[in-house]
Amino acid sequence: MSKTTRATQALAKAGIAFTTHSYDYDPGAERVGLQAAEALGEDPSRVLKTLMAEVDGKSVCCIVPSDQEVSMKKLAAAFGGKSANMMKPADAERLTGYHVGGISPFGQRKIVPAAIEEAAFAEALVYINGGQRGLQVRLSPKDAQAVLQAIAAPLIA
């Protein structure tokens, strides 16, 4: 497995300090983020999942702890919208250039507004998908926020 992806290249180009962590990706896992946390031996609150959604028909990226669910109402409010829904997997893959299970908020084909669950900022370091299945990057949530120009907001149900 290559540890160089569009995501790691984007982080390096931005001068962000990060480390890469590989694990055995289980394509049959019911919840990919929780499987990643278990494989890495990390608390699920530190392993964040990247979800692609739409708010009032516009594409957005939201990043939340892998053991939590996104509140569509809170997601819409975070972006000043009325309604939100999850993006279809095929649409998410087309928009980001990544495969489901390997979608990273970094280095996406098309830059879209992003939001990070505010609870993630209680952690010194978090894990976020590194741009392929079985690869995570560990970095400061503040650095992730800065490189994505993301908003911090309450997003979980």
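A residue counts as exposed when its relative accessible area is over 50%, as buried when that area is under 20%, and as partly exposed in between. These terms are used in the legends below, all of which describe a predicted model.

**View 1. Gln-149, a non-glycine residue with positive phi in the loop between α5 and β8.** Helix α5 comprises residues 141–148, strand β8 comprises residues 151–153, and Gln-149 is placed in the loop between them. The phi angle of Gln-149 is positive, at about 50 degrees, although this residue is not a glycine. Is Gln-149 buried or exposed? Its relative accessibility is 71%, so Gln-149 counts as exposed.

**View 2. The hairpin of strands β2 and β3.** Strand β2 covers residues 48–55, and strand β3 covers residues 58–65. The two strands pair in the antiparallel sense, over eight bridges. Within this pairing, Leu-51 stands opposite Cys-62 of β3. Two residues lie between the strands of the hairpin. Asp-56 is found in this loop between β2 and β3, and its phi is near 50 degrees, a positive value in a residue other than glycine. Asp-56 has a relative accessible area of 42%, so it is partly exposed.

**View 3. Strand β2 and its pairing with strand β4.** How many of the eight residues of β2 are buried? The number is seven, and the strand is thus described as mostly covered. In addition to its pairing with β3, β2 pairs with strand β4, which consists of residues 84–86. This pairing is also antiparallel and has three bridges. Glu-54 has Asn-85 as its bridge partner in β4.

**View 4. Two cysteines, Cys-61 and Cys-62, outside any disulfide.** A disulfide is a covalent bond between the sulfur atoms of two cysteines. To be counted here, the two sulfur atoms must lie within 2.5 Å of each other. By this rule, the model contains zero disulfides. For Cys-61, the nearest cysteine sulfur is that of Cys-62, 6.6 Å away. Likewise, for Cys-62 the nearest cysteine sulfur is that of Cys-61, at 6.6 Å. Cys-61 has a relative accessible area of 2% and is therefore buried. Cys-62 is buried as well, because its relative accessible area is 0%.

**View 5. Helix α2 and the elements that cover its buried residues.** Helix α2 runs over residues 32–40, and its buried residues include Gly-33, Gln-35, Ala-36, Ala-37 and Leu-40. Among the elements covering these buried residues are β1 (19–22), β6 (126–129) and β7 (135–139). Just after the helix, Gly-41 takes a positive phi of about 70 degrees. Of the elements of the protein, α2 has the lowest mean pLDDT, 87, whereas strand β5 (residues 114–117) has the highest, 98. For the protein, the mean pLDDT is 94, and 99% of the residues reach 70 or more.

**View 6. The buried face of helix α4.** Ala-92, Leu-95 and Thr-96 are buried in helix α4, which spans residues 89–96. Seen down the helix axis, the buried residues of α4 fall within an arc of 85 degrees, so they line one face of the helix. An α-helix has 3.6 residues a turn, so residues three or four places apart point the same way. The buried residues of α4 pack against α1 (6–13), β2 and β3. Gly-97, just after α4, has a positive phi of about 85 degrees.

**View 7. Thr-5, in the segment before α1.** Thr-5 has a relative accessibility of 8%, so it counts as buried. Which residues are in contact with Thr-5, leaving aside its neighbours within four places in sequence? The contacts are with Gly-130, Gly-131, Gln-132 and Leu-135.

**View 8. Ser-140, in the loop between β7 and α5.** Ser-140 counts as buried because its relative accessibility is 18%. Leaving aside neighbours within four places in sequence, Ser-140 is in contact with Ala-124 and Leu-125. Tyr-127 is 13 residues apart from Ser-140 along the chain, and the C-alpha atoms of the two are separated by 8.7 Å.

**View 9. The annotated span, residues 35–145.** An unreviewed UniProt entry annotates these residues as "domain: YbaK/aminoacyl-tRNA synthetase-associated". The span is 23% helix and 29% strand, and its end C-alpha atoms lie 24 Å apart.

Methods. Residues are numbered from 1 along each chain as its sequence is written. This is a predicted model: local features need pLDDT of at least 70, side-chain atom pairs count only at pLDDT 80 or more; totals for chains, interfaces and linings use all residues. Side-chain values use heavy atoms; hydrogens and water are left out. UniProt positions are given in the numbering used here, feature names are shortened, and annotations may be inferred rather than shown by experiment. Helices (H or I, at least four residues) and strands (E, at least two) are DSSP runs, numbered from the N terminus. Buried means under 20% relative accessible area, exposed over 50%, partly exposed in between (1.4 Å probe, protein chains only). Two strands pair if DSSP finds at least two bridges between them. Contact means heavy atoms within 4.5 Å. The arc is that of the directions from the helix axis to the C-beta atoms. pLDDT is the predictor's confidence in each residue, from 0 to 100.
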